[in-house]
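I opened a fresh page for this structure. My plan is to look things up one at a time and write down what I find.

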Amino acid sequence: MNVTPSTEATSSATAIQSRFLRACKRLPVDATPVWLMRQAGRYMEEYRALRAQHPILELIKQPELAAEVTMQPIRAYNLDAAIIFADILPPLEGMGLNLEFMKGEGPVIHNPIRSSADVEALRLPDPTESLWFTLEAIKQVRKQLDPRGIPLIGFSGAPFTLASYAIEGGSSKNYLHTKGLMMGDAPTWHLLMEKLSEVVGSYLLAQAKAGAQALQFFDSWVGALSPADYREYILPHSRHAIDIARQGNVPIIHFGTNTSGMLNLIQEAGGDVIGVDWHINLDTAWDSLKPETAVQGNLDPVTLLAPWPEIEKRTREILDRVKGRPGHIFNLGHGILPGTPVDNVRRLIDFVHEYTSIQH
């Protein structure tokens with residue numbers, strides 16, 4: 001009699017064999033695992049073809065389409081992990097904010113938060129209702145990834161980054177409204193962050209329950225803060241979100257940009273793996289963290305637009321700094337940029353595997 005393996009059994013088998021999941025736990029690997037932020041996206045012709053037919057939110061909210069985009073780079077490259085195709089902002093919709101992706105402007109919140117009454121009005125939705133489409137996409141992708149032995153990463157924006165979008169109404173250079181609320185009305189700020197930490201933590205936990213085998217906590221804008229402000233206004237709320245997500249019993253990657261001056265605080269907030277951008281040498285960053293930490297990073301994304309000899313040189317420098325130390329996941333210091341040649345992406349992934357298989 002043929003018995004179909006359970007999701008738990010398949011996930012366990014993947015965890016034992018997966019370079020990526022083993023590296024998250026600082027276990028020995030045969031070569032350094034590689035995945036790349038924004039590995040599915042507009043630098044790929046297949047994605048652009050889909051995007052020409054569907055608005056971005058439609059790609060995210062139709063599980064079959066989100067699953068297809070997730071799988072595009074997996075089919076194209078020898079990656080060690082997939083990351084579900086989604087965006088950090090849809091959780092804000094369930095809280096009552098009106099999100100639109102506008103051509104030439106990016107994401108826009110049409111009813112930004114500017115007062116204590118706005119914060120009081122925010123809902124705390126059940127992610128299985130407000131974000132069902134991403135959870136369904138995770139289930140669909142797992143069916144395609146499991147036969148390949150490739151794990152799936154789920155993710156969410158962190159409370160501060162979501163708060164910044166919600167308050168500013170979109171992207172910002174100086175975060176005047178965000179910092180203004182933080183510095184000028186601490187009770188309202190903390191109420192907002194408490195609500196966001198509940199939403200983020202619950203969403204991450206729901207992704208783990210749906211089948212995500214690791215989770216990434218993106219605090220993309222937190223580098224705009226001083227270490228003192230991070231400790232007082234952000235760290236407790238990020239920790240709360242991560243503590244909720246920990247109930248999923250999967251590795252958690254904590255990543256922020258421009259955070260080289262407060263990596264120890266990022267670690268204090270939580271995470272099994274600390275993501276590092278390119279503003280600090282990877283070995284220096286790692287030495288500033290606790291010994292039991294795994295690290296992800298940290299090639300400058302612009303490098304992938306350079307000639308191959310330059311890409312190889314810079315990649316080799318990062319790998320030589322690590323010297324086979326257990327717990328390294330190779331990644332960029334942020335997402336792949338539009339216009340990146342797909343052949344450079346392919347060669348980078350293969351080079352990391354080949355070069356480090358000798359080291360290991």
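Which residue forms a salt bridge with Glu93, and how far apart are the closest N and O atoms? I looked it up in this predicted model. The partner is Lys61, and the closest N and O atoms are 2.8 Å apart. Glu93 sits in helix H6 (residues 90–94). Lys61 sits in helix H4 (residues 56–61). The two are 32 residues apart, so I noted a link between distant parts of the chain.

**Entry: accessibility of that pair**

I checked how open each partner is. Glu93 has 21% relative accessibility and counts as partly exposed. Lys61 has 28% and counts as partly exposed too.

**Entry: other salt bridges**

How many salt bridges are there by the rule used here? I noted 14. I followed some of them.

Asp283 and Arg321 meet through their side chains, at 3.2 Å from N to O. Asp283 lies in helix H15 (residues 282–287) and Arg321 in helix H16 (residues 308–322), so this pair ties together parts that are 38 residues apart in sequence. Arg321 is partly exposed, with a relative accessible area of 38%.

Asp287 and Arg325 form a salt bridge as well, at 3.3 Å from N to O. Asp287 lies in helix H15, and Arg325 in the loop between H16 and strand S9 (328–332). This pair therefore ties together parts that are 38 residues apart in sequence. I then compared accessibility. Asp287 is exposed at 57%, whereas Arg325 is partly exposed at 29%.

I also found a network of salt bridges. It links Arg19, Asp30 and Asp80.

**Entry: the largest pocket**

What is the volume of the largest pocket? I wrote down about 1400 Å³. It is lined by 39 residues, and those closest to its centre are Arg38, Arg42, Ile56, Asp87 and Phe101.

I asked which elements build the lining. Helix H3 (45–51), H4, strand S2 (99–102) and strand S3 (106–109) each supply at least two residues. H4 gives the largest share, three residues. H4 is also the helix that holds Lys61.

By class, the pocket lining divides into 24 nonpolar, nine polar and six charged residues.

**Entry: cavities**

How many cavities of 30 Å³ or more does the structure hold? There are two. The largest cavity has about 40 Å³ of space. I listed its lining: Pro91, Pro125, Pro127, Ser130, Leu131, Val199 and Tyr203. Helix H8 (127–130) and helix H12 (186–210) are the elements that give two or more residues to this lining. Its classes are six nonpolar, one polar and no charged residues.

**Entry: Lys209**

I stayed with helix H12, since Lys209 is found there. Is Lys209 buried or exposed? Lys209 is exposed, with a relative accessible area of 67%. Its C-alpha atom is separated by 6.5 Å from that of Gly248. Along the chain, the two residues are 39 residues apart.

**Entry: backbone oddities**

I kept the usual pattern in mind here. Most residues other than glycine have a negative phi, and most peptide bonds are trans.

Which residues does a cis peptide bond join? I found Gly297 and Asn298, with omega about -5 degrees. Asn298 has its place in strand S8 (residues 294–299).

Next I looked at phi. Asn258 has a positive phi, near 55 degrees. Asn258 is found in the loop between strand S6 (252–256) and helix H14 (263–269). At 44% relative accessibility, Asn258 counts as partly exposed.

Lys323 has a positive phi near 55 degrees. Lys323 lies in the loop between H16 and S9. That is the loop where I had placed Arg325. At 69% relative accessibility, Lys323 counts as exposed.

**Entry: the record**

Last, I checked UniProt. An unreviewed entry there lists residues 33–42 and 153–169 for "domain: Uroporphyrinogen decarboxylase (URO-D)". I looked at both stretches in the model. Over residues 33–42 the chain is 0% helix and 0% strand, with end C-alpha atoms 23 Å apart. Over residues 153–169 the chain is 59% helix and 29% strand, with end C-alpha atoms 28 Å apart.

Technical notes
Residues are numbered from 1 along each chain as its sequence is written. This is a predicted model: local features need pLDDT of at least 70, side-chain atom pairs count only at pLDDT 80 or more; totals for chains, interfaces and linings use all residues. Side-chain values use heavy atoms; hydrogens and water are left out. UniProt positions are given in the numbering used here, feature names are shortened, and annotations may be inferred rather than shown by experiment. Helices (H or I, at least four residues) and strands (E, at least two) are DSSP runs, numbered from the N terminus. On a 1 Å grid over the protein atoms alone, a cavity is a set of points where a 1.4 Å probe fits but cannot get out, and a pocket is an open set with protein on both sides within 12 Å along at least five of seven lines; lining residues have an atom within 4 Å of a point. Grid points are joined across faces, edges and corners, and a volume is the space filled by probe spheres set on the points. Ala, Val, Leu, Ile, Met, Phe, Trp, Tyr, Cys and Pro count as nonpolar, Asp, Glu, Lys and Arg as charged, and the others, Gly among them, as polar. A salt bridge is a side-chain nitrogen of Lys or Arg within 4 Å of a carboxyl oxygen of Asp or Glu. Buried means under 20% relative accessible area, exposed over 50%, partly exposed in between (1.4 Å probe, protein chains only).
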